Amino acid sequence: MAHDRVTTPTITLRDGTAIPQIGYGTLAVQPDRENSDSNAVLTAGVVGEALKAGYRHLDSAQSYGTERGVGRAIAESGIAREELYVTSKLANPNHAPDDVRRSFDQTLDHLGLEYVDLFLIHWPLPTRYDGDFVSTWRAVADLVEDGRLRSAGVSNFLPEHLERIVEETGLVPVVNQFESHPYFQNAPSREACARLGVAVQTHSPLGHNREPLSDAVVAKIATDLEKTPAQVILRWHMQLGDISIPKSSRPERMAENIAVFDFELSEAEMAAIDALDRGPDGRVGPHPSTYEG
Ligand code: NDP
């Protein structure tokens, strides 16, 4: 219900736009990644629940097959377009500049929107396209010029990938969306973002496989604060200044995951979670330097 929904703080990005600090992730809300009618209906139902829970930032991708369902949920919600923040990502087969433009048109069509707030290169793919992700980045950044894209960014870019696109184009992405959670905090990517003025957006913020949710240190803090482990982990992200996009298909967990703005972790609690980092061994998803999509 609109009157008691949680209001999420926003982070101002380097281009002056504002992004809600918590968004709703749509990976695997469908049984498969097909752009089918049945998936669109299913995803619209799940995303509709997220909108009811108060999410106003939705994270989609060409490769998830969720763009049509996200668009449908938005249309059915009656929520004004300017109250929503919608992200999609360039699929790995679409890195050639002409394919960037063609597939972005299709993204707008699938979403049924006149503009997208944020469009990201999903993976750098340094072992494909003759190692050229720079022309892909230029093509994505150029989309901002025609008014149908508000902000351009990247995802899963390692420090060397970020440095290269900035050096070769002078264009700095507004965000880098990468894996980060208590077991894989990803300090090198965080440092590169800080150095270059790129906002940190954390995907798989709960660990994707949910392992950090059963951690004893997290459980103890949750008990002390009368919060859930997911809330403690998401609060840790919020206090680091991350933009995070947890996914749950269950309405009660959607509500839980966004209700993290009425309590604080102490310095000691933050440090205890910081100490859970397993470094590179904690990574759950693919490695960006070898992933080929
Ligand atoms: P998350 O870290 O968000 O974890 C999702 C898992 O945690 C699901 O199994 C979910 O199950 C469970 N879960 C969610 N909330 C709770 C809760 N409160 N208590 C217990 N379990 C919970 O993983 P994701 O990998 O899905 O990442 C989130 C989003 O990040 C994705 O949806 C996608 O938008 C984005 N992403 C981007 C990537 C990229 O390459 N750019 C890669 C991976 C993700 P259930 O649904 O049953 O509640």
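In the predicted model, D130 is exposed, with a relative accessible area of 84%. The residue belongs to the loop that runs between β6 (116–121) and α4 (134–142). D130 is not a glycine, yet its phi is positive, at about 55 degrees. Most residues other than glycine have a negative phi. A28 also has a positive phi, of about 70 degrees, and is likewise not a glycine. This residue is placed in the loop between β3 (24–25) and α1 (37–53). The relative accessibility of A28 is 54%, and because the cut-off for exposed is over 50%, A28 counts as exposed.

A contrasting case is provided by V218, which is buried, with a relative accessible area of 0%. V218 is part of helix α7, which spans residues 216–225. The C-alpha atom of V218 lies 5.8 Å from that of P229, and the two residues are eleven apart in sequence. The value of 0% falls under the 20% limit, so V218 is assigned to the buried class.

The ligand was examined next. The ligand occupies the largest pocket of the model. A shell of 29 residues surrounds the ligand, and the closest of these are D59, H208, K247, S248 and R253. Sorted by class, the shell around the ligand consists of 13 polar, nine nonpolar and seven charged residues. Among the elements of secondary structure, helix α9 (residues 251–258) gives the most to this shell, with three residues.

Polar contacts to the ligand involve both its oxygen and its nitrogen atoms. H208, one of the closest residues, places a polar side-chain atom 2.5 Å from an oxygen atom of the ligand. For Q177, a polar side-chain atom is found 2.9 Å from a nitrogen atom of the ligand. In the case of S155, an N or O atom of the side chain is 2.9 Å from a nitrogen atom of the ligand. Taken alone, the ligand exposes 900 Å², of which the protein buries 89%.

In short, the ligand sits in the largest pocket with 29 residues around it, and side chains of S155, Q177 and H208 supply polar atoms at the distances given. Away from this description of the ligand, two residues that are not glycine, A28 and D130, have a positive phi, and each is found in a loop.

How values were computed: Residues are numbered from 1 along each chain as its sequence is written. This is a predicted model: local features need pLDDT of at least 70, side-chain atom pairs count only at pLDDT 80 or more; totals for chains, interfaces and linings use all residues. Side-chain values use heavy atoms; hydrogens and water are left out. A residue is near a molecule or strand if one of its heavy atoms lies within 4 Å of it. A polar contact is a pair of N or O atoms within 3.5 Å; within protein, one must be able to donate a hydrogen and the other to accept it, and residues adjacent in sequence count only if both atoms are side-chain atoms. Accessible areas come from the Shrake-Rupley method with a 1.4 Å probe; for residues, only the protein chains shown count as cover. On a 1 Å grid over the protein atoms alone, a cavity is a set of points where a 1.4 Å probe fits but cannot get out, and a pocket is an open set with protein on both sides within 12 Å along at least five of seven lines; lining residues have an atom within 4 Å of a point. A molecule sits in a cavity or pocket if more than half of its atoms lie within 2 Å of its grid points. Helices (H or I, at least four residues) and strands (E, at least two) are DSSP runs, numbered from the N terminus. Ala, Val, Leu, Ile, Met, Phe, Trp, Tyr, Cys and Pro count as nonpolar, Asp, Glu, Lys and Arg as charged, and the others, Gly among them, as polar. Buried means under 20% relative accessible area, exposed over 50%, partly exposed in between (1.4 Å probe, protein chains only).
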